[in-house]
Amino acid sequence: MKFQGSDNYVTTPDLKLAVNAAITLKRPLLVKGEPGTGKTMLAEELAKTLGIPLLQWHIKSTTKAQQGLYEYDAVSRLRDSQMADLDGGERVKNIDNYIIKGVLWQAFTAEEPVALLIDEIDKADIEFPNDLLRELDRMEFYCYETRQLIKAKNRPLVFITSNNEKELPDAFLRRCFFHYIKFPDADTMRQIVAVHFPTLKQDLLQAAMKTFFDIRNLPGLKKKPSTSELLDWLKLLVAEDIPLEALQTQDDKVAIPPLVGALLKNEQDVTLFEKLVFMQSRNR
């Protein structure tokens, strides 16, 4: 299987190379990058392009590695055992009825190859990646309740995303192929916008892009606007029919754009941007 990109996802040559390298090595692809740079969408588009199912495991701060394998619902079994007289207790006798299969179990036992997305792994505690080392390396795990060794029928294509909120263990990193998605330059960004807004007027796009990158390049921002936020902003500009003049100033100075709340997401950044505009207006 080779990934050649898709019409719905702009792929740089180095990203294609990384995806295909991970497929060749049969190792998980660990993708890092700023939030909103398309890490999750990469797995979705690859699965769609290759025509294979995608299983998604979205990690939270409370997620444990065991949940990806299976969980034993002892509480339900105890409750059913107390009501066993109603149905003869047949359900209680079969422990399989109380095993909740996680996404890794589903991926390992699928009849056809699947793609498996472990999304935002850095949200979990530091032990989470280490707890999955053996399973991702050997593609098998043991279910003690049913005394089964669950082996992968087909090795899934594993994609792991991280927003770089915390460092991952070296032992885990050694088992992955790593790629960092750089923030798109202006040309790549235009290609991305063209996928989502093919009929957008070029003069409006040019003005919006200038404003967007002016904001991103502002020193001291707590949170820089991302690709997804630019797309949201453009969608609002089109929906509200914002005129081109609202995005431009005659002397090419930075101005507060309309609907700036789509780009700046906290009061410190809005205040910083307003100060910049005020200082430039005084220097005119």
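1. Start with the salt-bridge network: Lys223, Glu229 and Lys265 are linked in it. Keep in mind that this is a predicted model. Within the network, the side chains of Glu229 and Lys223 meet with N and O 2.9 Å apart. The two partners sit in rather unlike surroundings: Glu229 is buried, with a relative accessible area of 6%, whereas Lys223 is partly exposed at 30%.

2. Lys223 also turns up beside Asn266. Setting aside neighbours within four places in sequence, Asn266 is in contact with Lys222 and Lys223. Asn266 and Lys223 are 43 residues apart in sequence, yet their C-alpha atoms are 7.9 Å apart in space.

3. Staying with Asn266: you'll find this residue in the loop between α13 (227-239) and α14 (267-282). Its side chain reaches the backbone nitrogen of Gln268 at 3.3 Å. Loop residue or not, Asn266 counts as buried because its relative accessibility is 15%, and the cut-off for buried is under 20%.

4. The search of the whole structure turns up 11 salt bridges. One of them joins the side chains of Asp125 and Lys64, at 3.1 Å from N to O. Asp125 is in the loop between β5 (115-119) and α8 (127-131), and Lys64 is in the loop between β2 (54-58) and α3 (65-69), so this pair ties together parts 61 residues apart in sequence. Both ends are partly exposed: Asp125 has a relative accessible area of 29%, and Lys64 has 45%.

5. For a local pair, look at Lys210 and Asp214, whose closest N and O atoms are 2.8 Å apart in a salt bridge. The two residues are 4 apart in helix α12 (residues 202-216), so about one helical turn separates them. Lys210 counts as partly exposed at 35% relative accessibility, and Asp214 is partly exposed too, at 27%.

6. On the surface, Tyr142, Tyr144 and Leu149 make a nonpolar patch of about 340 Å². Tyr144 belongs to the loop between β6 (140-143) and β7 (148-151). With 61% relative accessibility, Tyr144 counts as exposed, since the threshold for that class is over 50%.

7. Last, the cysteines. How many disulfides does the count come to? It comes to 0. Cys143 is buried, with a relative accessible area of 0%, and Cys176 is buried as well, at 11%.

How values were computed: Residues are numbered from 1 along each chain as its sequence is written. This is a predicted model: local features need pLDDT of at least 70, side-chain atom pairs count only at pLDDT 80 or more; totals for chains, interfaces and linings use all residues. Side-chain values use heavy atoms; hydrogens and water are left out. Buried means under 20% relative accessible area, exposed over 50%, partly exposed in between (1.4 Å probe, protein chains only). Contact means heavy atoms within 4.5 Å. A polar contact is a pair of N or O atoms within 3.5 Å; within protein, one must be able to donate a hydrogen and the other to accept it, and residues adjacent in sequence count only if both atoms are side-chain atoms. Patches are made of residues with over 30% relative accessible area and no salt bridge: like charges are joined within 9 Å, nonpolar side chains (Val, Leu, Ile, Met, Phe, Trp, Tyr) within 5 Å. Accessible areas come from the Shrake-Rupley method with a 1.4 Å probe; for residues, only the protein chains shown count as cover. A salt bridge is a side-chain nitrogen of Lys or Arg within 4 Å of a carboxyl oxygen of Asp or Glu. A disulfide is a pair of cysteine sulfur atoms within 2.5 Å.
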